[in-house]
Amino acid sequence: MLSKINPTTTQTWEKLTAHYQQIKDKKLTEFFDEDPLRFETFSQRFKNILIDFSKNQLGKDTMELFSRLFNECKISESIEHQFTGGKINRTENRAVLHTALRNISKSPIYLEGKNVMLSINEVWKQMEVFSNKIINGEHKGYTGKPISDIINVGIGGSDLGPQMVYEALKPYHQKRIKCHYVSNIDGAHMAETLKKVNPETCLFIIASKTFTTQETMTNANSARDWFLEKGGGINDISSHFVAVSTNSEKVVEFGIDPNNMFVFWDWVGGRYSLWSSIGLSLCCGLGFSSYWKLLEGAHEMDIHFRNESFENNIPLQMAAIGIWYTNFFEAESEAILPYDQNMHRFAAYFQQGNMESNGKSVDRNSKKVDYSTGPIIWGEPGTNGQHAFYQLIHQGTHTIPCDFIGFVNSHYQMGDHHPKLMANFFAQTEALMKGKSKIEAQSELEAMGKTSNEIKEILDFKVFEGSKPSTSILGEILDEKTLGSLIACYEHKIFAQGIVWNIYSYDQWGVELGKALANELVPMVKGKATSKGKDASTIGLLNAYLELSKSR
């Protein structure tokens with residue numbers, strides 16, 4: 001059972017509030033002036049990854065207070081509950097065991113007296129055998145040709161996770177297999193993807209736990225219709241469609257061979273399902289050995305998170321810094337800024353991971369919270385972002401903590417691209433920290449030959465306040481293990497923050513209302529039901545839609 005402690009009622013929260021008042025106006029440069037060894041004090045290493053927290057507005061006292069706060073909120077007990085199968089998703093009465101899905105040690109993990117690793121091992125073997133058949137050409141399409149394209153049809157975690165990893169690990173793609181990802185119910189997404197593939201050599205992975213998800217099943221049915229229209233027969237569906245699901249009845253009804261159904265379990269949350277058989281497209285597109293290395297990297301971070309004390313625990317320290325800015329500096333958002341183009345879906349993945357987990361306003365005591373919980377997560381790769389939204393981070397009115405993610409080595413040897421990329425990585429964190437004073441700006445303008453009147457007119461616009469917080473994450477190279485560790489690190493950060501905020505991080509009731517209303521509205525949008533009972537705005541919009549659709 002998780003604790004139900006309101007963090008704002010703890011003694012440490014009160015001390016953190018007083019500490020914030022003492023520290024809030026202190027410049028980041030002052031911290032470095034006072035402690036020449038600040039980088040060593042506020043940086044951590046994990047395998048081939050360096051995490052630098054030193055450019056954040058905190059001192060040793062700050063982290064010591066957070067260590068006490070986490071103890072008061074019983075974080076260690078909560079971590080053990082998760083790893084050992086406690087039903088910490090209380091509103092759905094479920095365990096949360098995605099860490100078991102990457103438990104490559106295969107040591108037993110029990111849930112209600114059963115070792116879940118036995119069934120996980122079976123699915124791993126099924127995924128390995130199937131993906132090997134796809135890669136070596138043994139699995140043939142209905143005309144005898146080997147599969148060349150895989151379309152993963154899912155939404156949310158069934159799409160964002162595997163797609164993000166597939167994009168991030170482009171250097172490890174299988175040469176003969178290309179993966180595509182379709183999620184949006186907008187027909188454009190499926191239609192445009194189908195233009196790129198041949199029905200004779202295309203395999204569809206239908207990824208839906210219940211096999212009833214509206215978006216996924218609409219796209220799956222359209223894919224099946226397309227396949228049949230292009231020459232495939234009913235009996236050929238079993239060669240070109242496989243399912244990742246728990247609903248065998250619906251899978252068979254669709255026409256998929258039950259032997260090609262890959263199960264997962266109700267203790268796998270959607271946004272953590274990447275680690276389950278939802279990763280089948282990755283096994284096929286990267287190879288099972290690469291997928292295994294991804295699991296290995298995540299498993300190593302799991303061990304670190306579970307066993308290390310706060311002083312050395314990277315996810316816990318990241319969680320503390322996030323709470324520091326959200327609840328004390330009143331930051332409303334966090335930016336994730338990877339300086340690696342292949343990680344262009346990483347921020348989007350953790351938009352779901354964080355906002356669906358901690359976007360809650362009712363605590364574990366069923367009471368409305370009176371403090372901020374989940375921040376808004378956003379970001380894009382550098383250096384593109386520098387020519388878009390960095391202006392607001394540097395000179396805007398909002399406090400926006402930033403995570404910069406970069407790598408020492410690149411998979412792509414093109415001139416001096418990578419040194420220039422990393423120079424920008426280092427420059428941005430330095431600029432955010434130092435800023436530019438009025439004296440420095442004036443000196444620059446004088447050196448440019450500007451007159452005193454010209455300087456007076458423009459000077460204030462050239463000033464940067466600085467003391468903008470950032471965390472730098474520097475890896476050796478973006479490979480499978482490193483990516484696995486990074487993903488797991490952010491997952492654990494989110495979980496730890498949810499514990500301190502006294503909310504349930506593993507349900508997502510907020511997505512249900514819109515789904516229910518959409519199902520109710522479908523016949524109205526089709527003109528087959530009246531809009532009686534709807535509000536005036538919705539009726540007006542529906543009428544306008546129907547009128548315009550008729551005129552078209």
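## Close-up views of a predicted model

**View 1. Just past the end of helix H21, Gly527 adopts a positive phi of about 75°.** Like every view here, this one comes from a predicted model. Helix H21 itself covers residues 512-525, 14 residues in total. From the first C-alpha to the last, H21 reaches 20 Å, close to the 20 Å expected at 1.5 Å a residue. Look along the helix and you will find a bend of about 30° at Asn519. A proline, Pro523, follows that residue within four residues.

**View 2. Helices H13 and H14 cross at roughly 70°.** Two packed helices are described by the angle between their axes and the distance between the axes. Here H13 spans residues 288-307 and H14 spans residues 314-328, and their axes come within 8 Å. Because angles of 65 to 115 degrees count as roughly perpendicular, H13 is described as roughly perpendicular to H14. On the H13 side, the residues to find are Met301, His304 and Phe305; they meet Ile314, Pro315 and Leu316 of H14. Sorted by class, this contact of H13 with H14 has five nonpolar residues, one polar residue and no charged ones.

**View 3. Five strands form an open sheet with parallel pairing.** Reading across the sheet, the order is E6-E5-E7-E8-E9. Strand E6 (178-182) and strand E9 (261-262) are the edge strands, each pairing on one side only. At the E9 edge, two bridges join E9 to strand E8 (residues 241-244), and the two strands run parallel. To find your way here, start from Val244, which stands opposite Phe262 in E9.

**View 4. Helices H7 and H8 pack on the five-stranded sheet.** H7 (residues 157-168) touches strand E5 (149-153), E6 and strand E7 (202-207). The direction of H7 makes about 150° with that of E6. H8 (residues 187-194) also touches E5, E6 and E7, and its direction makes about 160° with that of E6.

**View 5. Two loops hold backbone details to look for.** Most residues other than glycine have a negative phi, and most peptide bonds are trans. In the loop between strand E11 (376-378) and helix H16 (390-395) lies Thr383. The peptide bond leading from Gly382 to Thr383 is cis, with omega near 10°. Then move to the loop between helix H5 (75-83) and strand E3 (110-111), where Asn93 is placed. Phi of Asn93 is near 55°, a positive value in a residue other than glycine.

Notes: Residues are numbered from 1 along each chain as its sequence is written. This is a predicted model: local features need pLDDT of at least 70, side-chain atom pairs count only at pLDDT 80 or more; totals for chains, interfaces and linings use all residues. Side-chain values use heavy atoms; hydrogens and water are left out. The expected span of a helix is 1.5 Å times one less than its number of residues. The bend at a residue is the angle between axes fitted to the seven residues ending there and the seven starting there. Axes are lines fitted to C-alpha atoms, for helices over the stretch in contact, and angles run from 0 to 180 degrees between N-to-C directions. Angles under 35 degrees count as roughly parallel, over 145 as roughly antiparallel, 65 to 115 as roughly perpendicular and the rest as oblique. Contact means heavy atoms within 4.5 Å. Ala, Val, Leu, Ile, Met, Phe, Trp, Tyr, Cys and Pro count as nonpolar, Asp, Glu, Lys and Arg as charged, and the others, Gly among them, as polar. Two strands pair if DSSP finds at least two bridges between them.
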